[in-house]
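Thanks for asking me to look this one over. Below are my notes, point by point, for you to read alongside the structure.

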Amino acid sequence: MKIIDVNMSVGGRDSYGEMIELDALLVQMRLYRIDHAVCWNEYAMLDPQSGNARMWELAKHADGKVGVSAVLDPILGEQSLPGSGNLTDRLKALHPESVHILPTDNRTIFTAFYWEEILRAVNVLSLPLIVDDDYSPEFFAVLPEIADRYPDVKFILVRYGLCRGRHVMPLLQKCKNVYFTIENMLDNGQIEEIRERIGVDKLLFGTSWPKLSPSGALGLALYADISEEDREKILFRNWEAIRV
């Protein structure tokens, strides 16, 4: 069965302190039979333009197995990316598979006021937007309004779910463009409950490797008591659908 991991990274260190580069990523992909990874470069948290340029260069040498998630900083805007033109122009020219933002690491909060330029560009291009955050209560207070205001953005929340059904269920039910990766869907029968009540069309396979081992998310996907059709949706079809 095909597997697409929508959230892996290079340029940082794993739990053993080892620096992660392309070779280590490809080893993990082979080990867990991941066919394609959407990857961001952690160095882009320090120097977005250089880190992003490096990620595109690495992807060129991955034989199509690795796609790019572009890391954007709200204070830098288009200067987060190589190229010329405004942010929309540069994103359109570079054609990343997703955009990756880290509000807490950028020492800001996730509101339309602070992220307007990025939200507008991602909305114009209908890109998936991975919001990699600590997810404070304030985040969930503003997310429904932001999702409604930017309907063509596919908002993806990562490493969220455990003991958080009161956030997860309403967002899946009421926001057509909010998605979750499954690596922390650890409540008993959580994936099965989502499938029964809502369906799995907005669940994605993402591991957050090297922060987490791919084994956890893979076990959740493979052993969930769901149909093979729903399993395929989580493992790759849902991502392919929002990338059209």
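1. Let's start just past helix H3 (residues 87-94), where His95 follows with a positive phi, near 55°. Please keep in mind throughout that this is a predicted model. His95 is not a glycine, yet its phi is positive at about 55°. The residue lies in the loop between H3 and E4. Is His95 buried or exposed? With a relative accessibility of 56%, it counts as exposed, because the cut-off for that word is over 50%.

2. A second residue deserves a look alongside it. Arg33 has a positive phi of about 55°, although it is not a glycine. You will find Arg33 in the loop between H1 and E2. Its relative accessible area is 67%, so Arg33 is exposed. As background, most residues other than glycine have a negative phi, and most peptide bonds are trans.

3. The peptide bonds hold something to check too. Trp209 and Pro210 are joined by a cis peptide bond, with omega at about 15°. Pro210 sits in the loop between strand E8 (203-204) and H8.

4. Back to H3 itself. At its start, a side-chain oxygen of Asn86 comes to within 3.2 Å of the backbone nitrogen of Thr88. Which residues of H3 are buried? They are Leu87, Arg90 and Leu91. These residues cover an arc of only 100° around the axis, which puts them on the same side of H3. On the other side of the helix, Lys92 and Ala93 are exposed. The buried residues pack against helix H2 (48-60), strand E3 (66-71), strand E4 (98-101) and helix H4 (112-125).

5. Helix H8 (residues 214-223) invites a similar reading. Its buried residues are Pro214, Ala217, Leu218, Leu220 and Ala221. Seen down the axis of H8, they fall within an arc of 160°, so they line one face of the helix. Among the elements covering these residues are H1, helix H7 (190-197) and helix H9 (228-242).

6. Now for the strands, beginning with E1 (residues 4-10). Seven of its seven residues are buried, so E1 is largely enclosed by the rest of the structure. Strand E1 runs parallel to strand E2 (residues 36-41), and five bridges join the two. If you want a place to find the pairing on screen, Val10 stands opposite Asn41 in E2. Together with helix H1 (residues 22-31), E1 and E2 make a right-handed β-α-β unit.

7. How many residues of E3 are buried? Six of the six are, so this strand is also largely enclosed by the rest of the structure. Both of its faces are covered: one side carries Val66, Val68 and Ala70, the other Gly67, Ser69 and Val71, and all of them are buried. E2 and E3 run parallel, with three bridges joining them. Val38 stands opposite Gly67 in E3. Between these two strands the chain crosses through H2, and this β-α-β crossover is right-handed.

8. On to the pairing of E3 with E4. These strands pair in the parallel sense over three bridges. The bridge partner of Ala70 in E4 is Val99. The chain passes from E3 through H3 to E4, in a β-α-β crossover that is right-handed. So H3, described in point 4, is the helix of this crossover, and its buried residues pack against E3 and E4, among others.

9. Finally, the interior. The largest nonpolar core has 81 residues, and those with the most contacts inside it are Val66, Phe110, Phe155, Phe180, Ile182 and Leu203. Helix H4 supplies the largest share of this core, six residues. Val66 appeared above as one of the buried residues of E3. For general context, nonpolar side chains in soluble globular proteins tend to be buried together.

10. If you would like one residue to centre your view on, try Phe110. What does Phe110 contact, leaving aside its neighbours within four places in sequence? Its partners are Ile101, Pro103, Trp115, Leu119, Val131, Phe139, Val142, Leu143, Ile146 and Phe155. Of these, Phe155 is itself listed among the core residues with the most contacts.

Note on methods
Residues are numbered from 1 along each chain as its sequence is written. This is a predicted model: local features need pLDDT of at least 70, side-chain atom pairs count only at pLDDT 80 or more; totals for chains, interfaces and linings use all residues. Side-chain values use heavy atoms; hydrogens and water are left out. Buried means under 20% relative accessible area, exposed over 50%, partly exposed in between (1.4 Å probe, protein chains only). Helices (H or I, at least four residues) and strands (E, at least two) are DSSP runs, numbered from the N terminus. Two strands pair if DSSP finds at least two bridges between them. A crossover is right-handed if, with the strands pointing away from the viewer, the path from the first strand over the helix to the second runs clockwise. The arc is that of the directions from the helix axis to the C-beta atoms. Contact means heavy atoms within 4.5 Å. A polar contact is a pair of N or O atoms within 3.5 Å; within protein, one must be able to donate a hydrogen and the other to accept it, and residues adjacent in sequence count only if both atoms are side-chain atoms. A nonpolar core is a set of buried Ala, Val, Leu, Ile, Met, Phe, Trp, Tyr and Cys residues joined through side-chain atoms within 4.5 Å.
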